[in-house]
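Me: I would like to go through this model step by step. Please keep the replies short.

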Amino acid sequence: MIAGCLTAVFLTSHSGGSSSSVDSSTTTVPSASSIATTLTTTTGSTTTTVMVPSSVLNNTCTAIMSGTITTLVYLSDVAIFPYTYFQYLYVATSTSTTMMLALRQDPSYWCLDDISVTNNSSQLWQDGGFEQSPLTQYYTYCNPNGASASGSISATCTHSGSYSFYDGSVGYSDYLSQTFTTVVGSTYNITFWLQSMGGPANSFLVIIG
Ligand SMILES: [Ca+2]
């Protein structure tokens, strides 16, 4: 499966669709400018390895991250799926950790809601339900290429509450992140709900470090 910090990965369908497991690799890099990582996805008996494009990993948004960067998940050109629960366990390697999500969805939109990062029942991720406005009250938002139809708080497709993050960035990803205090060696439970409202071309990436 995996080495280093990522100890468990699984996702389950919210409404009875197919489920799959996702494995991820950890790469230690000197700086965000040279992040290189691959993601291995196992669905049934078929295993494929997908390289996260360097343009998605290396830009002015990811430049705020350094040290050991772990890819939790990378989805590329996936079909429509309903709100689905994603969960990961991450062992911190620093006293300050940033989790960053990168979204691109050319023909349609991603819906993202109920992000949670917990350690011993303590919630470290603020406004994971996207119920507060403006977005930048709790999140660092970055759109390095000025993609159109970029992410915003919306009532279009919520998983809970009245709002979610609704992102149809065309051609390039936009980025959403928060930085929180962590204890080296301690395990953090990361969960969120994600829906794809359209087919390719799209991508969804979560990195942490
Ligand atoms: Ca919500």
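Me: Leaving aside neighbours within four places in sequence, which residues is leucine 205 in contact with?

Reply: This is a predicted model. Leu205 is one of the two residues with the most contacts inside the largest nonpolar core. Neighbours within four places in sequence are left aside here. The contacts of leucine 205 are then Val52, Val56, Tyr74, Leu101 and Ala102.

Me: How many residues does the largest nonpolar core have?

Reply: In soluble globular proteins, nonpolar side chains tend to be buried together. In this model, Leu205 and Val206 have the most contacts inside the largest nonpolar core. The number of residues in that core is 43.

Me: How many helices and strands does the protein chain have?

Reply: Strands are numbered from the N terminus. Strand β16, for example, covers residues 202-208. The count for the protein chain is 1 helix and 16 strands.

Me: Is strand β8 largely enclosed or open, and how many of its residues are buried?

Reply: Strand β8 covers residues 96-105. A residue counts as buried if 20 or more other C-beta atoms lie within 10 Å of its own. β8 is largely enclosed by the rest of the structure, because the number of its residues that are buried is 9 of the 10.

Me: Which residue in β14 is the bridge partner of alanine 102?

Reply: Strand β14 covers residues 174-181. β8 and β14 pair in the antiparallel sense, over 8 bridges. In β14, the partner of alanine 102 is tyrosine 175.

Me: Which residue in β16 stands opposite methionine 100?

Reply: β8 is also joined to β16. These two strands run antiparallel, with 7 bridges between them. Opposite methionine 100, in β16, stands isoleucine 207.

Me: Which residue in β16 stands opposite leucine 75?

Reply: Strand β6 covers residues 68-76, and 7 of its 9 residues are buried, so β6 is largely enclosed by the rest of the structure. β6 and β16 run antiparallel, joined by 6 bridges. In β16, the residue opposite leucine 75 is phenylalanine 204.

Me: Is serine 150 buried or exposed?

Reply: Serine 150 lies in the loop between β11 and β12. The cut-off for a buried residue is 20 or more other C-beta atoms within 10 Å. Serine 150 has 21 C-beta neighbours inside 10 Å, so it counts as buried.

Me: What separates the C-alpha atoms of serine 150 and aspartate 167?

Reply: Along the chain, serine 150 and aspartate 167 are 17 residues apart. Not counting residues up to four places away, serine 150 touches Asn143, Asp167, Ser169 and Asp174. The C-alpha separation of serine 150 and aspartate 167 is 5.3 Å.

Me: Is glycine 146 buried or exposed?

Reply: Glycine 146 also has its place in the loop between β11 and β12. A residue is exposed if 12 or fewer other C-beta atoms lie within 10 Å. Glycine 146 has 10, so it is exposed.

Me: Which residue follows the cis peptide bond from serine 133?

Reply: That peptide bond has omega near 5°. The residue it leads to is found in the loop between β10 and β11. It is proline 134.

Me: Where is alanine 201 found?

Reply: The peptide bond from proline 200 to alanine 201 is cis. Its omega is near 5°. Strand β15 covers residues 187-196. Alanine 201 is in the loop between β15 and β16.

Me: What is phi of asparagine 120 near?

Reply: Asparagine 120 is found in the loop between β9 and β10. It counts as exposed, because it has 9 C-beta neighbours inside 10 Å. Its phi is positive, in a residue other than glycine, and is near 50°.

Me: Over which residues is the pLDDT below 50?

Reply: The mean pLDDT of the protein chain is 83, and 76% of its residues reach 70 or more. One stretch is below 50, though it has 102 contacts in the model beyond near neighbours in sequence. That stretch is residues 1-43.

Definitions and conventions
Residues numbered from 1 in each chain as written. Predicted model: local features only at pLDDT ≥ 70, side-chain atom pairs only at ≥ 80, totals over all residues. Helix = DSSP H or I, 4+ residues; strand = E, 2+ residues; numbered from the N terminus. Pairing = 2+ DSSP bridges. Core = buried A, V, L, I, M, F, W, Y, C linked by C-beta atoms within 7 Å. Contact = placed C-beta atoms within 7 Å. pLDDT = per-residue confidence, 0-100.
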